[in-house]
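Here are some notes to read alongside the model, written as numbered points so that each can be checked in turn. Please keep the sequence and the structure open while reading.

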Amino acid sequence: MSVPTNSISSLERRGDVGVLTINSPPVNALGQAVRAALRDGLSALIADDAVKAVVIRCDGRTFFAGADISEFGKPFVEPDLNVVFDIIEASAKPVVAAIHGTALGGGFEVALACHYRVAAASAKVGLPEVALGLLPGAGGTQRAPRLAGVEAALDLIISGRPVKADTALEMKLIDAVASDAGLVDEAVQFAEGLIADSAPLRRVRDMEVDLQSDAARAVIAAYQEKNARLFRGPVAPTNIAKAVEAAATLPFEAGLKREAELFEELMEGRQSGAQRHIFFAERAAGKVAGLSRDVQPVAIQSVAVLGAGTMGTGIATAFLSGGYEVTLIDLNPEAVERAQGRIYKTLDGLVSKGRLSFGAAAAQKSRLVIDSSLDAVASADLIVEAVYENLDLKKDVFRQLDSRAKADAVLASNTSFLDLNAIAAVTSRPERIIGLHFFAPANIMRLLEVVRGSATAPEIVATGMALGKKLGKVAVLSGVCDGFIANRAMAPRVTAAEKLILEGPMPWDVDRVMTAYGFPMGVFSMLDLVGLDVIGWDRENSAGRTVQEVLCERGHWGQKTGQGYYVYDENRRATPSDEAAEVIAGFADKTPVAMDDEALLERLLYPVVNEGAKIVEEGIAQRASDVDVALVTGYGWPVWTGGPMFWADTVGLDKVIAGLERTLGPDAVSPLLRRTAQQGQALAEQTAPH
Ligand code: 3HC
C-alpha cells in the first residue's frame, strides 16, 4: 500500500524494497519542495528496519527534469541536492533509480548519486545544462566520467544531447534497461536481486576515472581542438572541460568543489541569464493569447507539399520525420523525382551518421509519394504551398487548390513576405488558410513562423502551433506584414551594412564584427551565398545604382560565380575581393570614417532591436520574447546574448535609443522602445497591445 507522506511524495513497501515516488507536475523539476520530499522520504525508508533496499521513481510524464530553473537567480532555500546525495551515499542499503521519460540535468544527477540505475526502454538520460549556459552542478561532471570515461562524458555534457536507454547502457551510465510498462516491477526485482546477492554498494564517487591526469588532459585538449567551433562564443563548454579535467586530476571531494566554483562562475555570468531567458521564451512562444483551452487543433495525418524546389523538398522532409504521410507534388515530373532522390539521400545520410535507424529511414521513405498533378491534393488533410514567391502565381495556385482540396482541409502557404490575406481572399475558405513559414533548410532550422491571417479560425491557428511542436520545431505566431517577424526584424541590418561600406568600413570588417558577436555568418558572406543576382533583382526602393548591381553587371554574383564581395577558391574559402573594394571606392563618401568594432555593431544591430520593438507594438508578434526566439532559432542570433530584445536590455535601452537617434533620426525610434526605457522596464518582457 502506498502511503502519501505529503502532497508530492509517497512511500510504499514491496516486500523488502521501499519505493519512494515523487509526483510534482509537470516535469518533477527539483524545486525546494521536491528536494525536501526526497530528503525526508529517503531518510524514512533508510531508517525503516523492514526495508533492505530503496527504489526512487517519479509519477507523471517523466523522471526529474532537472533543477527547477525558475528558482535560479533567487535566494537559495535548503535543502541542497547534495544533502540528498549524502543521504544516499551514506546509506548501507542500496538505492536504485527507476527512470522513465527524460532524466535530465540535476534529475540525472540524482540517478548518478544512486547505487544503481534502471531505465525504461523509451527513457532518455542526459546532462543538457550547456543549453542554459551552465554545467551539471550537482556532481554530474565528476560522476559521469567515472562511469562512462572521460571522453564520452565530455561529449555527453558538452553536446548536451540526451541519449537513449540502450546507448546509456552501452556507455555504462545505467545498469539495466527495463520494459516501459514494467519499469517499477523490474526495478523492484533488480533491488531484490541486490538484496539476495548481498551485492556491494556501488558508490560512483568511489570509482576510478578511466584516464588519469596527463592522459585525461591530452584527451580533453584533443577534443577541444577537434570541436573548436563549440568553444567559440559560449563560455560554458570551457568550464565543462575544466570540470571534467578536475574529475580526472583531483580526489572526488576536491573535484566537486571545483565543479561548484565553475558552476557559480557561469550562473553569475551574463550568458546563462540570457540562455535561461530563451528557455522560458521558447515555451512562452507556444502559447496563443486569447485562445481558449477548448479550441482543439484539427487532426492532420496526410500532408501534400506543393513545389519541389529547395523549400518544398525540405518541408516534405520535415513532415516525413514528424511522422506524416507526405505527397510531394510538382507539375514538372523530373523536378519531383529529383526531389525524391534528394530526400532519400538526406535520410541515408542520417542513417550513415547513426542519427536515424535503418528501419526508421525505410518507414519515412515508404510514407513519401510523389506526383505531378494538382489532383493529388484531394485526400490531404493539410496542403503546404511552396511555389515561387510571386503573388499572382500563389493566388492562382490557391484558387486551384481550393477547388481540389477536401472541404475541411487546411491550406497553408510558405510565403516569406507576401500578403497572406490577399492569398486567402481568392479562396472560398479564408478561415482555413494559414501561413507556415519554414526557414531553409526546412528540415533542420528550428523556427516555424505560424502566420495568422485576418480570417484564420482559432482552431487553424491551434493546428499550426501544434504542428510546430510535432515537427520538433519552435512555433512562433506572427501577424501579416512584409517579412513577418524574423525576416522583417533582420532586414535593417542589411540596409545598415550597405550604408556602412560607403562610409569607410569594408564588407569584411562588417562581417568580422558580426561573426565575433556570434552570428554564424556575416551580412556580405550571406549575400554572396544567396547570390547577389537573386537579391539584386528583388530589391525595391533602391535609389540609383548600387555596389551590388555593379558587381552583378560584372558577372560577380557571389559564390556561384566564384566572386562577389569576396573571391572564392575551389574549396569555397573566401578572401576579400580587391575588385569589390574598388567598386565600393567608386561609390564611397569622400572622407572615410574610422569606426571601432563596437560602433559597427551598434550600427548593425540597434536597428534590429528597433524593428523588433515595432513588430511588437504593431501586434505582429505577441510578445518581445517571441522576437528573440524567432531570431535565435531562425537566424542563428547567438543564444548566449538572449536575442535582440534581451540583449538591448543588457546594453541599456537609453544607450540603444541614443545610437538609433544618431543614425536613423529621432522619428525612427519605436515608441514602445522609448516608453519602455522611460518606465525603466525590460524590453524583453513587453507584450503586444491587445
Ligand atoms: N525547471 C522548471 N520548469 C521546467 C523545467 C525545469 N527544469 N523543465 C520544464 N519546465 C517547465 C516548462 O517551463 C513548462 O512550463 P509551462 O507549461 O509553464 O510552459 C513545463 O515545465 C513543460 O515543459 P515543456 O513544455 O518543455 O515539456 P515537454 O514535455 O515538451 O519537455 C522536458 C519536457 C524534455 C523535460 C523539457 O521540459 C526540458 O528539456 N526541460 C529542461 C531540462 C533541463 O534543462 N534540465 C537541466 C536543468 S539545470 C540543472 O539541472 C542544474 C543542475 O546541474 C544543478
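Which residue stands opposite Val-54 in E4? The points below begin with that part of the model, which is a predicted one.

1. The opening question is answered by Gly-18, which stands opposite Val-54 in E4. The two strands concerned are E3, residues 17-22, and E4, and they pair in the parallel sense over six bridges. A further pair of facing residues can be found here, since Val-19 stands opposite Val-55 in E4.

2. On its other pairing, E3 is joined by six bridges to strand E2, residues 9-14, and these two strands run antiparallel. Here Ser-9 stands opposite Ile-22 in E3. E2 and E3 form a hairpin with two residues between them, and Gly-15 in the turn has a positive phi of about 60 degrees.

3. Both E3 and E4 deserve a look for burial. Six of the six residues of E3 are buried, so this strand is largely enclosed by the rest of the structure. Val-17, Val-19 and Thr-21 point one way from E3, while Gly-18, Leu-20 and Ile-22 point the other way, and all are buried. Strand E4, residues 53-58, is mostly covered, with six of its six residues buried. On E4 the buried residues are Ala-53, Val-55 and Arg-57 on one side and Val-54, Ile-56 and Cys-58 on the other, so that both faces are covered.

4. Turning to the ligand, 24 residues lie around it, and of these Ala-65, Gly-66, Ala-67, Gly-105 and Gly-106 come nearest. The shell divides into twelve nonpolar, eight polar and four charged residues. Strand E6 (102-104) and helix H3 (106-113) each supply at least two residues of this shell.

5. The strand E6 just named also belongs to an open sheet of three strands, which has the order E6-E8-E9 and mixed pairing. E6 and strand E9 (163-164) stand at the edges with a single partner strand each, so one side of each is left without a neighbour in the sheet. Strand E8, residues 124-126, is joined to E9 by two bridges, and the two run antiparallel; Lys-124 stands opposite Lys-164 in E9. Helix H3 lies across E6 and E8, running at about 90 degrees to E6.

6. A second open sheet has eight strands in the order E13-E12-E11-E14-E15-E16-E17-E18, again with mixed pairing. Its edges are strand E13 (368-371) and strand E18 (474-478), each with a single partner strand, so one side of each is left without a neighbour in the sheet. Neighbouring strands of this sheet are turned by 25 degrees against each other on average, direction ignored. Within the sheet, strand E11 (residues 302-306) and strand E14 (residues 382-385) pair in the parallel sense over four bridges, and Val-305 stands opposite Val-384 in E14. Helix H25, residues 624-635, lies across strand E17 (447-451) and E18, and it runs at about 130 degrees to E18.

7. Why does Ala-236 count as buried? The cut-off is 20 or more other C-beta atoms within 10 Å, and Ala-236 has 28 of them within that distance. Ala-236 lies in helix H9, residues 236-249. Although Ala-236 and Gly-133 are 103 residues apart in sequence, they are 5.3 Å apart in space, C-alpha to C-alpha. Leaving aside its neighbours within four places in sequence, Ala-236 is in contact with Val-130, Gly-133, Leu-134, Leu-135 and Leu-266.

8. Two residues other than glycine have a positive phi and may be checked by eye. Ser-198 has a phi near 45 degrees and is placed in the loop between helix H7 (183-196) and helix H8 (213-226); with 8 C-beta neighbours inside 10 Å, Ser-198 counts as exposed. Phe-484 has a phi near 50 degrees and is found in the loop between E18 and helix H18 (486-500), but Phe-484 is buried, with 26 other C-beta atoms within 10 Å.

9. Cis peptide bonds should be inspected as well. One joins Glu-78 and Pro-79, with omega about -5 degrees, and Pro-79 has its place in the loop between E4 and helix H2 (81-90). Another joins Ala-440 and Pro-441, with omega about -10 degrees, and Pro-441 has its place in the loop between strand E16 (433-438) and E17.

How values were computed: Residues are numbered from 1 along each chain as its sequence is written. This is a predicted model: local features need pLDDT of at least 70, side-chain atom pairs count only at pLDDT 80 or more; totals for chains, interfaces and linings use all residues. A residue is near a molecule or strand if its C-beta atom, placed from the backbone, lies within 6 Å of it. Ala, Val, Leu, Ile, Met, Phe, Trp, Tyr, Cys and Pro count as nonpolar, Asp, Glu, Lys and Arg as charged, and the others, Gly among them, as polar. Two strands pair if DSSP finds at least two bridges between them. Two residues are in contact if their C-beta atoms, placed from the backbone, lie within 7 Å. Axes are lines fitted to C-alpha atoms, for helices over the stretch in contact, and angles run from 0 to 180 degrees between N-to-C directions. A residue is buried if 20 or more other C-beta atoms lie within 10 Å of its own, exposed if 12 or fewer, and partly exposed in between; C-beta atoms are placed from the backbone.
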